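Reader: I would like a close look at one part of this model, namely the strand pairing around a single strand, and then some help in placing that part within its surroundings. Please take it slowly and keep to what can be read from the model.

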Number of protein chains: 2
Amino acid sequence: MTVIDTNSWQGVRAEVMRRIAEGEWRPGDLIPGEVELADEFGCARATVNRALQDLADSGLIERKRKAGTRVALNPVRKVTVEVPVIRQDVEARGSRYSFDLLGRREMTPSPAIAAQYGLRDDAALVGLWTLHRADRAPFALEERWVNLAVAPEIANVDLEAVSANEWLVRHMPLSRAEFSFSAGNASSSEARLLDCEPGAALFIVNRTTWAGDAPITAVRLAYAPGYVMETVV
Amino acid sequence: MTVIDTNSWQGVRAEVMRRIAEGEWRPGDLIPGEVELADEFGCARATVNRALQDLADSGLIERKRKAGTRVALNPVRKVTVEVPVIRQDVEARGSRYSFDLLGRREMTPSPAIAAQYGLRDDAALVGLWTLHRADRAPFALEERWVNLAVAPEIANVDLEAVSANEWLVRHMPLSRAEFSFSAGNASSSEARLLDCEPGAALFIVNRTTWAGDAPITAVRLAYAPGYVMETVV
DNA sequence: AAGTGGTCTAGACCACACC
DNA sequence: GTGTGGTCTAGACCACTTC
């Protein structure tokens with residue numbers, strides 16, 4: 001039998017979760033204050049605070065000063081998704097990773113891109129197209145541009161040997177990233193590269209990474225049909 | 001000017017993030033220990049600990065006892081996504097929410113479902129089909145089954161008045177949920193209901209919710225074309 | 001064996017939100 | 001004003017890992 005000590009914060013969290021799971025405290029209910037719980041559990045208030053704060057982070061409870069702590073009405077709202085580096089994703093599935101650098105082009109931003117990222121329209125960018133493979137089979141298609149003003153050294157990197165992603169991660173500081181997830185129909189060229197039917201539904205991930213105010217790189221990943229991103233709460 | 005006090009844990013976190021963002025500490029580097037940082041910042045070790053733990057949670061640094069704290073090599077791995085209740089999602093976009101209950105059927109699980117969730121093949125389920133709308137336009141199509149053994153009362157609920165999701169959230173305890181995100185082509189019936197072309201790429205969310213060992217409900221949501229799930233790290 | 005992060009405590013004060 | 005959560009401190013001990 002597993003004993004849960006309610007004088008550890010994880011024990012307190014487990015006990016609170018149990019009471020919610022078993023309906024002892026129901027959604028919308030006000031639960032006892034920290035001092036009261038600390039007294040009941042025989043631990044310090046800081047320990048209760050740590051536990052409740054963790055539960056609030058995961059969205060199971062809602063806390064407000066003076067108003068107290070309530071069981072959330074919409075318990076499952078925040079989900080933490082692991083967005084793996086493609087190479088690790090492939091290897092975790094037991095396949096061998098490889099990639100083909102399909103193309104590379106120096107370019108200036110289109111008006112839309114320039115506006116979106118606050119770039120001058122004569123900014124120097126590098127466009128890169130890569131096909132990621134799992135056991136030689138197409139896995140995901142990557143379209144990326146890199147801001148040369150921020151990462152000029154990448155112009156001299158042998159991107160056949162090390163992927164642009166890995167080089168950037170290792171050499172660029174980073175402050176902020178935006179992700180979006182969506183679905184799109186495969187274009188004819190995407191279908192050819194990913195070895196699927198034109199129009200097939202593809203899982204799309206867009207990621208933009210910033211260093212301070214300047215965008216470093218923007219990536220669009222189109223996964224081969226059948227890709228599923230999973231998570232547990 | 002905004003002053004950051006390094007004797008608050010958020011201030012310490014901001015300062016550490018700055019040093020990483022500006023390349024002072026680079027990916028893979030070992031950073032000073034907690035006592036050293038506490039001394040430098042003029043705060044208690046617990047404050048530094050709180051800040052570094054937060055950064056570790058978000059994946060920016062990696063910590064190991066004895067080995068110390070390092071700047072992560074793959075900084076962006078864990079992403080927290082808000083999975084909103086559809087009604088709130090619609091209302092947050094400034095539209096008016098409504099839904100149509102398309103169908104409802106008592107059923108027993110298919111062999112595949114029974115095996116997946118450990119149900120007897122004569123278990124009683126309710127199947128529900130719902131179309132969610134934003135300003136009357138189709139927004140998402142929901143297919144759901146509810147385990148009557150766990151939630152028998154739902155058989156008597158007027159699901160035209162309150163959505164199954166909201167009823168369940170408010171009346172069922174809950175312990176665990178599994179999410180998956182993928183893309184799929186619209187079937188002809190989905191296309192008709194969502195008012196799009198057959199074969200259009202749809203963003204699909206699957207969610208299964210458990211109370212202890214028993215599954216409560218499984219939902220498949222197919223969003224109308226153009227739906228994007230966004231997040232910032 | 002020893003060093004580093006992980007956690008707990010007791011007490012204190014602060015900050016916000018409701019009255 | 002007053003009550004609740006939010007945070008800080010100083011010190012202590014524990015647990016994991018590497019040596």
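Author: What follows starts at one strand of chain B, follows its partners, and then turns to other parts of both chains. Please keep in mind throughout that this is a predicted model.

The strand to begin with is β8 of chain B, which covers residues 176-185. Is this strand mostly covered or mostly open? It is mostly covered, since 7 of its 10 residues count as buried, that is, they have under 20% relative accessible area. Within its own chain, β8(B) pairs with strand β9, residues 201-211 of chain B, in the antiparallel sense, and 10 bridges hold this pairing. One of the positions that can be followed on the screen is R176(B), whose bridge partner in β9(B) is W210(B).

Which strand of chain A joins β8(B)? It is β11 of chain A, residues 229-232, which runs antiparallel to β8(B) and is joined to it by 4 bridges. Here V232(A) has E178(B) as its bridge partner, so that the pairing can be traced from a named residue of one chain to a named residue of the other.

Strand β11 of chain B, which also covers residues 229-232, can be looked at through T231(B), one of the residues found in it. T231(B) is buried, with a relative accessible area of 11%. Its contacts, leaving aside neighbours within four places in sequence, involve both chains: A177(A), E178(A), F179(A) and F181(A) on the one hand, and V79(B), T80(B) and V81(B) on the other.

Another residue of chain B worth following is V219(B), which is found in strand β10, residues 214-223. V219(B) counts as buried at 5% relative accessibility. When residues up to four places away in sequence are not counted, V219(B) touches E142(B), E143(B) and R144(B), and also V205(B), N206(B) and R207(B). Of these, N206(B) stands 13 residues from V219(B) in sequence, while their C-alpha atoms are 5.7 Å apart in space.

Chain B also holds an open sheet of 3 strands in the order β1-β3-β2, with antiparallel pairing. Its edges are formed by β1, residues 30-31, and β2, residues 61-64; each of them has a single partner strand, so one side of each is left without a neighbour in the sheet. The link between β1(B) and β3(B), residues 68-71, consists of 2 bridges, and I31(B) has T69(B) as its bridge partner in β3(B). In the loop between β2 and β3 of chain B lies K66(B), a residue other than glycine with a positive phi near 70°. K66(B) is exposed, with a relative accessible area of 87%.

In general, most residues other than glycine have a negative phi. A further case of a positive value, this time in chain A, is D135(A), whose phi is about 55° although it is not a glycine. D135(A) lies in the loop between β6, residues 125-134, and β7, residues 137-147, and with a relative accessible area of 44% it is partly exposed.

Chain A offers one more loop residue, D29(A), placed between α1, residues 9-21, and β1, residues 30-31. At 29% relative accessibility, D29(A) counts as partly exposed, and apart from residues up to four places away in sequence it touches E24(A), T69(A), R70(A) and V71(A). The C-alpha atom of I204(A), a residue 175 positions from D29(A) along the chain, is separated from that of D29(A) by 40 Å.

Finally, some values describe chain A as a whole, which contains 7 helices and 11 strands. Its C-alpha trace spans about 65 × 40 × 30 Å along the principal axes, and its radius of gyration is 24 Å, where a compact globule of 233 residues would have one near 17 Å. Of the residues of chain A, 48% count as buried. Among its contacts with a separation of 6 or more, 55% are between residues 24 or more positions apart. Chain A exposes about 11,800 Å², of which carbon and sulfur atoms supply 48%. Its side chains include 27 positive and 32 negative ones, and the centres of these two sets lie 3 Å apart.

Technical notes. Residues are numbered from 1 along each chain as its sequence is written. Chains are lettered from A and ligands numbered from 1 in the order in which they are written. This is a predicted model: local features need pLDDT of at least 70, side-chain atom pairs count only at pLDDT 80 or more; totals for chains, interfaces and linings use all residues. Side-chain values use heavy atoms; hydrogens and water are left out. The radius of gyration is taken over C-alpha atoms; the globule rule is 2.2 Å times the number of residues to the power 0.38. Buried means under 20% relative accessible area, exposed over 50%, partly exposed in between (1.4 Å probe, protein chains only). Contact means heavy atoms within 4.5 Å. Accessible areas come from the Shrake-Rupley method with a 1.4 Å probe; for residues, only the protein chains shown count as cover. Lys and Arg count as positive and Asp and Glu as negative; His and the chain ends are not counted. The place of a charge is taken as NZ of Lys, CZ of Arg, CG of Asp or CD of Glu.
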